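Me: I am new to this structure and should like to be guided through it in questions and answers. Please show the sequence and the structure before we begin.

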Amino acid sequence: MMNKSDGNKETANIVVNKGEVSDGFPKEFFSYAGTVISITDDVLVLNAPASKNYLQQDTQITANFDDETVFSKIIIPQSTSGFEPGQSGKLFLREDLTADEVKIGDQVTVIAFENVKGKTEFLAKKIEING
């Protein structure tokens, strides 16, 4: 069954068991990725594009955080030259950060310990800057 969601985009809903409708996404997932659009003492808001997340459309996600939330940066090398086979553990490095080091415009992944499907606000347990 095809549904028109706007003038240009079609979305497909798949009928599964006993009249349930599936959006085609997993039943559970625990993170969203996007661009930081605001950050305060305990709230990070990001624009999560549908193209990088299990979303029907671009969505604003509010990730609350507390003293137990871990902040880090994933350091991805621009080139793999100089690395020998079997050294993959040295390619991607993680650097611990504080909330104060997260800036508007940063590309982040916010991770919860609960299913965030259908949620636009939740408590993040990890916030990773993708860099």
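The exchange below goes from the strands to the aromatic rings and then to the charged pairs.

Me: How are the residues numbered, and what kind of model is this?

Reply: Numbering starts from 1 along each chain as its sequence is written, and side-chain values use heavy atoms, with hydrogens and water left out. Local features need pLDDT of at least 70, side-chain atom pairs count only at pLDDT 80 or more, and totals for chains, interfaces and linings use all residues, since the model is predicted.

Me: How many helices and how many strands does the chain have?

Reply: Helices (H or I, at least four residues) and strands (E, at least two) are taken as DSSP runs and numbered from the N terminus. Read along the sequence, the pattern is β-β-β-β-β-β-β-β-β-β-β-β. The count is therefore zero helices and twelve strands.

Me: In what order do the eight strands of the open sheet lie?

Reply: Strands of a sheet pair through backbone hydrogen bonds, either parallel or antiparallel. Here two strands are taken to pair if DSSP finds at least two bridges between them. The pairing in this open sheet is mixed, and the order is β9-β8-β12-β10-β5-β6-β7-β11.

Me: Which strands stand at the edges of that sheet?

Reply: An edge strand has a single partner strand, so one side of it is left without a neighbour in the sheet. Neighbouring strands of the sheet are turned by 35° against each other on average, direction ignored; the axes are lines fitted to C-alpha atoms, for helices over the stretch in contact, and angles run from 0 to 180 degrees between N-to-C directions. The strands at the edges are β9 (93-97) and β11 (121-123).

Me: Which residue is the bridge partner of Thr62 in β11?

Reply: Strand β7 spans residues 59-64 and pairs with β11 in the parallel sense over three bridges. The bridge partner of Thr62 in β11 is Glu121.

Me: What share of the residues of the chain counts as buried?

Reply: Buried means under 20% relative accessible area, exposed over 50%, and partly exposed in between, with a 1.4 Å probe and protein chains only. The chain has 131 residues, and the buried share is 31%.

Me: Which residues does Leu97 touch, not counting those up to four places away in sequence?

Reply: Leu97 is found in strand β9 and counts as buried at 13% relative accessibility. The C-alpha atoms of Leu97 and Lys73 are separated by 6.8 Å, although the two residues are 24 residues apart along the chain. With contact meaning heavy atoms within 4.5 Å, Leu97 touches Phe71, Ser72, Lys73 and Ile129.

Me: Why is the pair of Phe25 and Tyr54 called tilted?

Reply: Rings of Phe, Tyr and Trp (its six-membered ring) pair if their centres lie within 6.5 Å; planes under 30 degrees apart count as stacked, over 60 as edge-to-face and the rest as tilted. By this rule there are five aromatic pairs. The ring centres of Phe25 and Tyr54 are 5.7 Å apart and their planes stand at 50°, so the pair is tilted.

Me: Which residues form the aromatic cluster?

Reply: Phe25 lies in the loop between β4 (21-22) and β5 (31-39) and Tyr54 in the loop between β6 (43-48) and β7, so their pair ties together parts that are 29 residues apart in sequence. Phe29 and Tyr32 form an edge-to-face pair, 5.6 Å centre to centre with 90° between the planes, and both are buried. The cluster is formed by Phe25, Phe29, Tyr32, Tyr54 and Phe122.

Me: How far apart along the chain are Asp23 and Lys117?

Reply: A salt bridge is a side-chain nitrogen of Lys or Arg within 4 Å of a carboxyl oxygen of Asp or Glu, and the structure holds four. The side chains of Asp23 and Lys117 meet in a salt bridge of 3.2 Å, N to O. Asp23 is in the loop between β4 and β5 and Lys117 in the loop between β10 (107-111) and β11; the two are 94 residues apart.

Me: Is Arg94, the salt-bridge partner of Glu128, buried or exposed?

Reply: The closest N and O atoms of Glu128 and Arg94 are 2.7 Å apart. Glu128 lies in strand β12 and Arg94 in strand β9, so the pair ties together parts that are 34 residues apart in sequence. Glu128 counts as buried at 12% relative accessibility, whereas Arg94, with a relative accessible area of 53%, is exposed.
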